[in-house]
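Thanks for coming, everyone. I'll walk through one model today, from the overall layout down to single residues. Here it is.

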Amino acid sequence: MTATGTRWTAGAPPRPSGRGATRAMLRDPDPLNVPLMTRRAWWLAVLHLLIPGAPQALAGNRRLGRFALGVWLAFWIAALAGVVLWFLLPQVPLTVFTNVVGLTVLQVLLGGWAVLEVVLTVSTFRLLRLVRVRPVARVGTALLLVVGLVIGVGGGAWGAYAAGIARGTIGSVFGSGRYALPENGRYNILLLGGDAGPGRLGLRPDSISVVSLDALTGKMVQLGLPREMNDIPFAPGSPMLKKYPNGYGHADHCDVDVCQLNSIYTEVQLKYPGLYPDATKQFSKPGIEATRDAVEGALGIRIQYYVLVDMESFGRLIDAMGGVTVDVKQRIPIGGHMVNGTLTGVKVWIEPGRKRLNGNRALWYARSRYGDAQGDYGRMARQRELETAMLHQMNPITLLTRFDKIAKAGALAVDTDIPQGLLGEIAGLAVKARTQKETTIEFVPPRVQDVLHPDWTAIHRTVQAALR
């Protein structure tokens with residue numbers, strides 16, 4: 001029989017065309033039609049790769065397909081929202097991904113997606129009916145399923161693993177300590193580079209600076225203090241005022257071999273820990289609290305938090321990143337010692353130019369006391385340069401490919417009292433700071449003519465002007 005040009009057999013319904021034909025091909029195909037089954041297999045394999053759950057919604061278990069599609073859609077909505085927030089308000093996504101609760105939820109969700117992807121792959125494989133398709137299509141569609149399995153299960157499993165590593169790292173480094181409000185609209189963070197090398201009495205922070213972040217814009221001001229500063233005033237209310245009312249190291253008086261800013265940590269930590277009985281409750285140490293009091297007095301500002309970086313572990317962190325690139329301006333020796341004013345025993349140098357340094361060489365670059373015409377002040381500048389290079393080179397590619405190594409090395413390298421709940425906010429401000437020009441002030445000659453007897457009033461005025 002014939003009707004409007006369409007042929008069908010007596011008693012049978014007409015075959016659908018257009019979208020209906022495609023739907024019928026996917027859900028109720030003719031198993032004896034090899035070209036049709038081959039085309040159907042390609043459709044389902046590609047859909048599974050691009051939109052997990054679509055093959056089930058169109059040709060299989062619709063309930064499973066709709067559930068998977070809902071999860072897939074929710075993922076893309078969350079991803080889009082995260083991208084928008086990253087550019088508008090980075091503190092929000094960073095808060096989610098920098099606290100134990102958020103990372104636990106993320107780990108469960110990613111692990112669940114990996115399991116769901118396995119179920120969907122097995123279901124799609126059954127829907128393909130490979131015995132009914134052409135041999136070449138059997139191989140091609142099977143490879144597409146394998147690719148989807150690797151991307152979906154591998155990505156979900158790796159994400160869950162990374163979330164677990166991050167959760168452990170954040171839990172071990174950041175506690176649930178006190179929350180401090182911004183001071184005059186800024187978070188002031190004491191940054192210490194600690195070195196407990198051979199022949200040294202305890203740890204001495206050779207690198208001492210304050211990073212000040214505007215709590216709204218992220219605008220950064222970095223204030224550097226040389227380690228050999230003397231006559232340091234302590235902040236009002238500091239327990240150290242009773243011992244040193246005229247300043248630390250005044251008239252060359254102190255209870256350790258060297259009286260200067262970086263020896264305060266050692267003195268209090270080893271001899272007078274009782275001055276700060278609550279330090280451990282605040283995820284801190286007596287030596288750090290005494291140093292904080294000294295830097296507050298020196299700069300005339302309140303410091304809410306500290307970050308102590310252990311230099312030895314810092315080298316391992318650089319290795320975990322795959323090295324760090326710095327612009328070496330002059331030859332820096334690795335090793336060596338001074339004999340009658342002459343540097344001897346140097347077999348290897350870090351030559352001038354743009355260099356990629358591993359952890360060991362980066363530490364020598366930051367630590368070396370020789371070969372720099374500016375002496376100790378040049379050493380300070382190299383340490384700041386290394387810190388800045390680390391921050392700017394910690395890019396997403398490096399984090400994704402080396403995340404576990406970086407996280408483990410970072411847990412050993414960093415000690416801080418920044419609470420977990422505030423980590424996202426501080427990290428978000430740091431992200432904003434990377435897009436702006438920062439202000440760096442080093443209180444060294446010629447800005448400070450005499451670091452042994454500084455003009456603290458003038459330093460306070462300089463700090464206030466910079467922060468305004």
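The protein chain has 16 helices and 14 strands. Keep in mind that this is a predicted model. Of the 468 residues in the chain, 45% are buried. Now the contacts. Take those with a separation of 6 or more: 69% of them join residues 24 or more positions apart.

Let's start with helix 2. It runs over residues 34-50. Does its length agree with its residue count, or disagree? At 1.5 Å a residue, its 17 residues should span 24 Å. The C-alpha atoms at its ends are 24 Å apart, so the two agree. Look at the start of this helix. There, a side-chain oxygen of Asn33 comes to within 3.2 Å of the backbone nitrogen of Leu36. Leu36 is also one of the buried residues of helix 2. The others are Met37, Thr38, Arg40, Ala41, Leu44, Ala45, Leu47 and His48. Note that Arg40 and His48 are on that list.

Next, the aromatics. How many aromatic pairs does a search of the whole structure find? Seven. One is Trp72 with Phe75, and that pair is stacked. The centres are 5.8 Å apart, with 25° between the planes. Both residues belong to helix 4, residues 62-88, and sit three residues apart, about one turn of the helix. Trp72 also pairs with Trp76. Here the ring centres are 5.7 Å apart and the planes meet at 85°, so this pair is edge-to-face. Trp72 and Trp76 are four residues apart in helix 4, again about one turn. Why do spacings of three and four both work? An α-helix has 3.6 residues a turn, so residues three or four places apart point the same way.

How open are the partners? Phe75 has a relative accessible area of 45%, which means partly exposed. Trp76 is at 47%, and it also counts as partly exposed, because the exposed class begins over 50%. The group extends beyond these three. Ring pairs link Trp72, Phe75, Trp76 and Trp113 into a cluster.

Two charges sit over rings as well. The charged end of Lys243 is over the ring of Tyr272, 4.1 Å from the centre. Arg331 lies over the face of Trp349, with 4.2 Å to the ring centre.

On to the nonpolar cores. The largest has 44 residues. Which residues have the most contacts inside it? Phe314, Val324 and Leu386. Helix 11, residues 311-321, gives the most to this core, with six residues. There is also a second, separate core of 37 residues. Val210, Val221, Leu225 and Val448 are among its members.

Back to Phe314. Leave aside neighbours within four places in sequence. Then Phe314 is in contact with Val309, Leu363, Leu386, Met390 and Ala413.

Follow that list to Val309. This residue is in strand 6, residues 305-310. Val309 is buried, at 13% relative accessible area. Not counting residues up to four places away, Val309 touches Leu191, Leu192, Gly193 and Gly194, plus Phe314 and Ala413.

Now compare positions with Thr416. Val309 and Thr416 are 107 residues apart in sequence, yet 8.8 Å apart in space, C-alpha to C-alpha. Thr416 lies in strand 13, residues 414-416. Is Thr416 buried or exposed? Buried: its relative accessible area is 2%. What does its side chain reach? One polar contact goes to the backbone oxygen of Tyr306, at 2.6 Å. Another goes to the backbone nitrogen of Ile418, at 3.1 Å. Beyond its sequence neighbours within four places, Thr416 is in contact with Val173, Phe174, Phe283, Tyr306 and Val307. So Tyr306 turns up twice for Thr416, because the contact list and the polar contact both name it.

One last residue: Gln91. It is placed in helix 5, residues 91-97. Gln91 counts as buried, at 10% relative accessibility. Which residues does Gln91 contact, leaving aside neighbours within four places in sequence? Gly424, Glu425, Gly428, Leu429 and Lys432.

That's the tour. Questions, please.

Technical notes
Residues numbered from 1 in each chain as written. Predicted model: local features only at pLDDT ≥ 70, side-chain atom pairs only at ≥ 80, totals over all residues. Heavy atoms only, no water. Helix = DSSP H or I, 4+ residues; strand = E, 2+ residues; numbered from the N terminus. Expected span 1.5 Å × (residues − 1). Buried < 20%, exposed > 50% of the residue type's maximum accessible area, 1.4 Å probe, protein only. Polar contact = N/O pair within 3.5 Å; in protein donor to acceptor, adjacent residues only side chain to side chain. Phe/Tyr/Trp six-rings, centres within 6.5 Å; stacked < 30°, edge-to-face > 60°. Lys NZ or Arg CZ within 6 Å of the ring centre and 35° of its normal. Core = buried A, V, L, I, M, F, W, Y, C linked by side-chain atoms within 4.5 Å. Contact = heavy atoms within 4.5 Å.
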